[in-house]
Amino acid sequence: MTTPDPHGSRRAGSDILRTAVRRNAGAMVWGTVLMGLYQAGETAFPIALGLIVDHTMRGRSLTALVLSIAALAVIITTVSLSWRFGMRILQKANTTEAHRWRVRVASCGLQPVARDVDLKSGEVLTIATEDADQTADIVEVVPMLISSSVAVLVAAVALSLADLRLGLLVMIGTALILSTLSVMSKRIGSSTQEQQARVARAGAKVADLITGLRPLHGFGGNQAAFRSYRKVSTEAKEQAITVAKVNGAYTGTALALNSTLAAAVTLTAGWLAFDGQISIGELVMAVGLAQFIMEPLRLFSDMPKYVMMARASAERMALVLSAPPVAAPGTARPAPGGDLEIDCVRYESLQGLKFRVPAGQFTAIAVYQPRAAAELASILAVNVPPAAYGGVVRLGGQDLADLSVEAVRELMLVNPYDGEIFAGTLRTNIDPSGTSRTVGEAVEASMLTDVVALHREGLDYEVRDRGSNLSGGQRQRLSLARALAADSDVLVLRDPTTAVDAVTEQLVARRIAELRRGRTTVVITSSPALLDAADRVLVLDDGVVAAEGTHRHLLASDPAYCSAVTR
């Protein structure tokens, strides 16, 4: 499976559909052959009945009757087997193709460099599921369209052999039906695209609410959040009703037109038989075909709708797959164990920030404005592209803009303030790849040992989604343990102990310093324990370094620092 183009080459919905068809050409050919055989067999059944009636009435031959019954048995067997194996091939290809597109959309979200797409995570989730499934339906739609046309063609030829007017009636009627429905299908495509967008927005709102459920309870914002969700959900419901109405009108019109054509064929055949222009057997065949042709006509007339739905979903997938990366990263790799330098960085509240952390040093940064702490962490995590800020960030003496993001993150880990906790176990949350050799040390340093000891399963204790069965302090320590277990050359932590008590904080600070000795560590914090454990403290105020020294020196010499960090 190929990965998305890192440079975000434009991919339209039609390109996605063509890729799906090209990738499944073999399965679609075999599926078309088998489904065409099925439709031909279905159509052949009333033709065979008509021939049986004619031969029975003319010759009254027992041999002819036995042969006719045997022919019917062959037709029925062909119909059964061709349907079974044809649908098996097509549905397997459909499911596999949907899986491929889900993986492609997911891989875009997991790339080191974010893509410049104005969609929330809930919307991307909808695209990766419903839209991927509907796009993959094109793999089934095309063979079904062709096989249905085979049935209509066989019926038209058979009726033409009986009487040319019957064949022309089927062909002209089918053309009129498709012309009418193709116009209606365009509205279905646009309505479905809008419905998917509104459902995606509702899904994104739910994801946001679940993420912020605890804070909402804390300040009593439940009702306001509920009203906000109800509004977007109502919009999605109203659009779904609109789509249902359009689909209902489409289906009703298709059924009415198909029934009208079948009735016209039946009445015309009856009139021709009454007038003696066709035989009784041909009348039986025509009436039978008029009934059997309803199914392929229904499939045939439904296909434009499914094509438009697949195209609408493909266009939404193209929003993600064709979005360019936020930044074009370099290709160089930094030297391992290098230092970290911030040189005159200007971004939002950072006003010419300048400092250097030598390799192997434990540096703490006391930031008086929380906004500046978040912005500094985002820049170091390469969540802000280098072109978006002034100045230079250097890792190992090399400009961050010249380095590949993969290489930066192999060497430097910036642990997020609100690190996600995943459903799984304590162990898989600490060491997702299963390759860390420092899990035990990380558990000890983060003081997660009491959580492990609480449960008989130890590190194999099951953690629920978002760590809902853990306290805030336990989730924070679990996130810290994961960062420490990564054992990166450069580790940046932002407020890693805000949810733990003072005694635990003292132990965590001391153990982090011991575990990280000899490797570059930066902690953005106001914790006195972490500030005291650091080799050096930088004071960040109004976007610049206002002071530096050891924690105890700054306590004695800087009243503003003493007031800010003393608890």
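## A tour of one cavity and two helix pairs

Begin by selecting helix α2, residues 25–59, because this helix supplies three residues, the largest share, to the lining of the largest cavity. Keep in mind throughout the tour that the model on your screen is a predicted one.

**The cavity**

With α2 still highlighted, add α5 (138–162) and α9 (280–292) to the selection, since α2, α5 and α9 each supply at least two residues of the lining of the largest cavity. Next, show the side chains of Q39, E42, T43, A151, A155, L289, F292, I293 and P296, which together line this cavity. How many of these lining residues are nonpolar, polar and charged? Sorted by class, the lining holds six nonpolar residues, two polar ones and one charged one. The volume of the largest cavity is about 40 Å³, and a search of the whole structure, counting cavities of 30 Å³ or more, finds one.

**Helices α5 and α9**

Now hide α2 and turn the view until you can follow α5 and α9, whose axes come within 10 Å and cross at roughly 155°. Because angles over 145 degrees count as roughly antiparallel, α5 is roughly antiparallel to α9. The crossing in which α5 passes α9 is left-handed. To see where the two helices touch, select A155, A158, L159 and A162 on α5, together with E282, M285, A286 and L289 on α9, for these residues make the contact. By class, this contact has seven nonpolar residues, no polar ones and one charged residue. Two residues to pause on are A155 and L289, which belong to this contact and also appear in the cavity lining.

**Helices α16 and α17**

For the last stop, select α16, residues 472–485, and α17, residues 502–515, which pack with their axes 12 Å apart. Are these two helices roughly parallel or roughly antiparallel? Their axes make an angle of about 5°, and because angles under 35 degrees count as roughly parallel, α16 is roughly parallel to α17. Show R477, L480 and L484 in α16, and you will find them meeting T504, V508, I512 and L515 in α17. This contact has five nonpolar residues, one polar residue and one charged residue.

Definitions and conventions:
Residues are numbered from 1 along each chain as its sequence is written. This is a predicted model: local features need pLDDT of at least 70, side-chain atom pairs count only at pLDDT 80 or more; totals for chains, interfaces and linings use all residues. Side-chain values use heavy atoms; hydrogens and water are left out. On a 1 Å grid over the protein atoms alone, a cavity is a set of points where a 1.4 Å probe fits but cannot get out, and a pocket is an open set with protein on both sides within 12 Å along at least five of seven lines; lining residues have an atom within 4 Å of a point. Grid points are joined across faces, edges and corners, and a volume is the space filled by probe spheres set on the points. Helices (H or I, at least four residues) and strands (E, at least two) are DSSP runs, numbered from the N terminus. Ala, Val, Leu, Ile, Met, Phe, Trp, Tyr, Cys and Pro count as nonpolar, Asp, Glu, Lys and Arg as charged, and the others, Gly among them, as polar. Axes are lines fitted to C-alpha atoms, for helices over the stretch in contact, and angles run from 0 to 180 degrees between N-to-C directions. Angles under 35 degrees count as roughly parallel, over 145 as roughly antiparallel, 65 to 115 as roughly perpendicular and the rest as oblique. A crossing is left-handed if the near helix is turned anticlockwise from the far one by less than a right angle, and right-handed if clockwise. Contact means heavy atoms within 4.5 Å.
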